[in-house]
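Please open the model in your viewer and keep the selection tool at hand, since each stop on this tour begins with something to select.

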Amino acid sequence: MAGRRTAIDLGVAALLALLGALFFHEVLGGRRLYAVDLHQTYEPLRQVLAEALQRGSVLWTPRLHAGMPLLANPMAGAPYPLNWLSLGSPAAALSVLTVGHVLLGALGACALARTWTGSLPAAWCAGVVFGFNGITVSATAYPNLVWSLAWIPWLLLAWERAGAASGGRRVGFVLLFAAAAVGLVAQGEPFTVLGAILGWLLLAVRDLVQGARPRAVLVPALAGGLLAALLLAPFLVAVARYLPVTERGAGFPPEGVVYWSTHPALAAGLALPQVFGDPGGDGPERFWAVRLAPEKGFPLLAGFYLGSAACALLLLGACVPGPRRFALVAWAGLLLLLALGRHGPAYAWLVRLPGTDALRFPMKWLVPATLPLALLAGLGMDAVRSRRRPALVLTAALFSVFIALGLLASTWVPEPAVARVHRAVVLGLLPLLGLAAALLAGTRFPRSAAACVGLVLACDLSWANRTLAPTVPADFYRTVPPVVAALRADRGPVGRVWVESPMYSGAGPMPAPASFAERARWEREVLLGYTGASYGLDLAFTMDVAHFRPRLHARLAALIHRAPAREKLMLLGAGAVTHLVHHTPVLDAHAVLLQAFPAGSNRPLLLTRNTLAVPRVRVVPALVPYAGEEGFMRAVLAGPDDLFLHAALVAREELGVLPMHAGGGGTASLLEDFGARLRVEVRGGGGYLVVADSFVPGWSAAEDGRPVPILRADDAFRAVPVSPGTHEVVMKFGGGQVFPISSSWRLRGRERK
């Protein structure tokens, strides 16, 4: 009997995998996902991670923001083992692994519902609704979200089975719990982690109230959680050390915390397909109800469609008595309440809690909410056999609501969108009609009726949400933008590159009309986000969409944005920026325009050489003290064009006993750069070795094996004192805080005076 059940379960899993293969057939056929952040943030970060793995260290990367921690940046996915696989290009790996995680989550929800109900129709319903609803499919644009989401059902399944098992089977489920916890936490996505914890707590409390043994409820989670924490310890420690010195660690203002809140009216999208616009379009075509998501004119998630039939089953599952019904309703309700953000009551008190000012986009709470909603739909499917009449009543009620929405559309919907609303209502009615027909036929053909309902759900979601994970040919990522080709052709030295975001330049977006894919191509052409790293560029002072760059680097970037032309070039040059990719002209003799490119916006894209750039590693004979941000800018304004070539600016309070004139200067040569380890050879009369890499805690330095202090130079970079002669300076990252001024250097400082 057990073997037969296993075979049946494997058959259902195979059908679910087949549905996923059909749904994502374009990705499996060689095309690539690209929507929103995937192409401008995650693909470049995976490129950087792949290069760091080749160097042998994922602690640090010199490729972004003049150097930044990589393991400590949750968006990079460095601690997640699947990101270490070589699956061709980063774009190919992201696309295939994203599809794989969607299928993994669907199978997990299916297995969890099967464990709870023992019903195949319920398992199929939960798996299909969880894996292919609009929220999950939309989240493929943000791999960290959908990858971590996929592990939540496996986490709950392992915990549930571990509590009921014994001996070796319990150990196996505890290991599965630990693996799921690693997969969940390693993505660094707090919304899914907190959503999973909330669900587990509610289910655990439910079990304890029902009389379950505390040991069976708590021990598997504690044991698995402890094992996962041990495996993730390097990542967790790195994040804990780095986060306080980042922009995100400083927190966001209240209006930033509730950015991209979910308007209650968007709930209509749960049951009406594409009622607010076409996700494959752009501008008003993509989202006509701009007032519901005024931040950028469209919601963070392209679609919300759970399916009208699934909504009817969900309501049934929430209404009928069941062992886990209340916990699931509370779980889904709390997450949906949080997703309202500024439109609901929850955030009024939530923003007062410590640490919540580092979280943004309440709409992300919808992503973990898909699991309890899918499980409730599964419970409703299981209850249909005995609750057919209530199911028909709910179906009829939804049918009436849809008709009313269609009739009222002309009174509250803009005229151009009325036809779209009517179309969405008609398409939403079709699954309800299919569900009603199956329920009516279920009296005489119960098994056939269940199969028909499952088919209705699969067809409905597969058709309605098919455009929410758009794809492009593989050459979308391989084609080098003209500005990058021109940069590679420049015969001069190429150091770091500064990319001015069109969001802040006044250049304006690509002119309408433009498809969603065309806009994404334009974003690649202008190197928006981290895109430049995809083509091998080292970036500094560029836009940081995740706000994980070092706070000092962000502050200097803000100064550069406001500075006059000459000082802008000087400050960029201090960070070894040799080239500018920008829309706003820099009117200064030291900015040599190399080429202009049509950018499809109000201004062309310019490639400019910065003749005031200094080497990334250099030896200067003197320090120039300053006090505060205003003092720093005064020193730059008063300094000569080559100020940073001959001196380093150091905050007065950080000087200690070190002399301001330490030698005759010299030369520096970078021997090795392994990211987290630099070897530099210095020659000459001594002074200070300046490395134009970000100053963050965790770096230590030694000259010929002897520890030396690291100073914050030029507001955001690093400098160490060096002796006259030829020496080797080694800087390492990952060894604790910035090395303090030692007693030996205090003595040497007095001798030099």
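Begin with the open sheet of five strands, which you can display in the order E6-E5-E7-E9-E8, and whose pairing is mixed. Its edge strands are E6 (538–539) and E8 (591–597), each of which pairs on one side only. Keep in mind throughout that this is a predicted model.

Now select E8 together with strand E9 (residues 605–610): these two run antiparallel and are joined by six bridges. If you would like a single pair to look at, choose Ala596, whose bridge partner in E9 is Leu606. As background for this and the later strand stops, strands of a sheet pair through backbone hydrogen bonds, either parallel or antiparallel.

The next stop is strand E14, and several selections will be needed to follow its partners. Start by selecting strand E13 (residues 665–673), which runs antiparallel to E14 and is joined to E14 by eight bridges. Between E13 and E14 there are three residues, and the two strands form a hairpin; in its turn, select Gly675, which has a positive phi of about 80°. Within this pairing, Glu672 has Arg679 of E14 as its bridge partner.

Keep Arg679 selected and add strand E19 (residues 727–733), which pairs with E14 in the antiparallel sense over six bridges. Here the bridge partner of Arg679 is Val730 in E19.

Next add strand E18 (residues 717–722), which is antiparallel to E14 and joined to E14 by five bridges; in this pairing Val690 has Ala719 of E18 as its bridge partner. Then add strand E10 (residues 617–620), which runs antiparallel to E14 (residues 677–691) and is linked to E14 by four bridges. One pair to show there is Val619 with its bridge partner Leu689 in E14.

Which residues does Leu689 touch, leaving aside those up to four places away in sequence? Select Leu689 and its surroundings, and you will find Val617, Arg618, Val619, Ala668, Val680, Val682, Arg718, Ala719, Val720, Val722 and Val729. Leu689 also belongs to the largest nonpolar core, a set of 210 residues in which the most contacts are made by Phe132, Leu313, Leu689 and Val720. Apart from this core lies another, of 31 residues, and you can locate this second core by selecting some of its members, among them Phe541, Leu559, Ala563 and Leu643.

From there, move to helix H27 (residues 628–638) and select Gly631, Phe632, Met633, Ala635 and Val636, which are buried. To see what surrounds them, show helix H25 (551–562), helix H26 (565–574), strand E11 (622–626), helix H28 (643–646) and strand E12 (647–651), against which the buried residues of H27 pack.

The charged side chains come next, and a search of the whole structure finds 25 salt bridges. For one of them, select Lys364 and Glu189, whose side chains meet at 3.6 Å, N to O. This pair links distant parts of the chain, for the two residues are 175 residues apart: Lys364 is in the loop between helix H16 (346–350) and helix H17 (366–383), and Glu189 is in the loop between helix H9 (167–185) and helix H10 (190–209). Are these two residues buried or exposed? Lys364 is buried, and Glu189 is buried as well.

Another salt bridge appears when you select Arg566 and Glu567, which meet at 2.9 Å, N to O, and both of these residues are buried. Select Arg712 and Asp715 for a further salt bridge, at 3.3 Å, N to O; here too Arg712 and Asp715 are both buried. You can then show Arg496, Arg616, Asp673, Asp693 and Arg718 together, because salt bridges that share partners join them into one network.

Now select His101, which lies in helix H4 (residues 90–117). His101 counts as buried because its relative accessible area is 3%, and buried means under 20%. Not counting residues up to four places away in sequence, His101 touches Tyr80, Leu82, Val146, Trp147, Ala150 and Trp151.

For the last stop, select Leu18 in helix H1 (residues 2–23). Leu18 counts as partly exposed because its relative accessibility is 46%. Add Leu15 and Leu22 to the selection, and you will have the three residues that make a nonpolar surface patch of about 300 Å². As a general guide to such spacing, an α-helix has 3.6 residues a turn, so residues three or four places apart point the same way.

Technical notes: Residues numbered from 1 in each chain as written. Predicted model: local features only at pLDDT ≥ 70, side-chain atom pairs only at ≥ 80, totals over all residues. Heavy atoms only, no water. Patch = residues over 30% accessible without salt bridge, like charges linked within 9 Å, V, L, I, M, F, W, Y side chains within 5 Å. Areas by Shrake-Rupley, 256 points an atom, 1.4 Å probe, with all protein chains shown as cover. Salt bridge = Lys/Arg side-chain N within 4 Å of Asp/Glu carboxyl O. Buried < 20%, exposed > 50% of the residue type's maximum accessible area, 1.4 Å probe, protein only. Pairing = 2+ DSSP bridges. Core = buried A, V, L, I, M, F, W, Y, C linked by side-chain atoms within 4.5 Å. Contact = heavy atoms within 4.5 Å.
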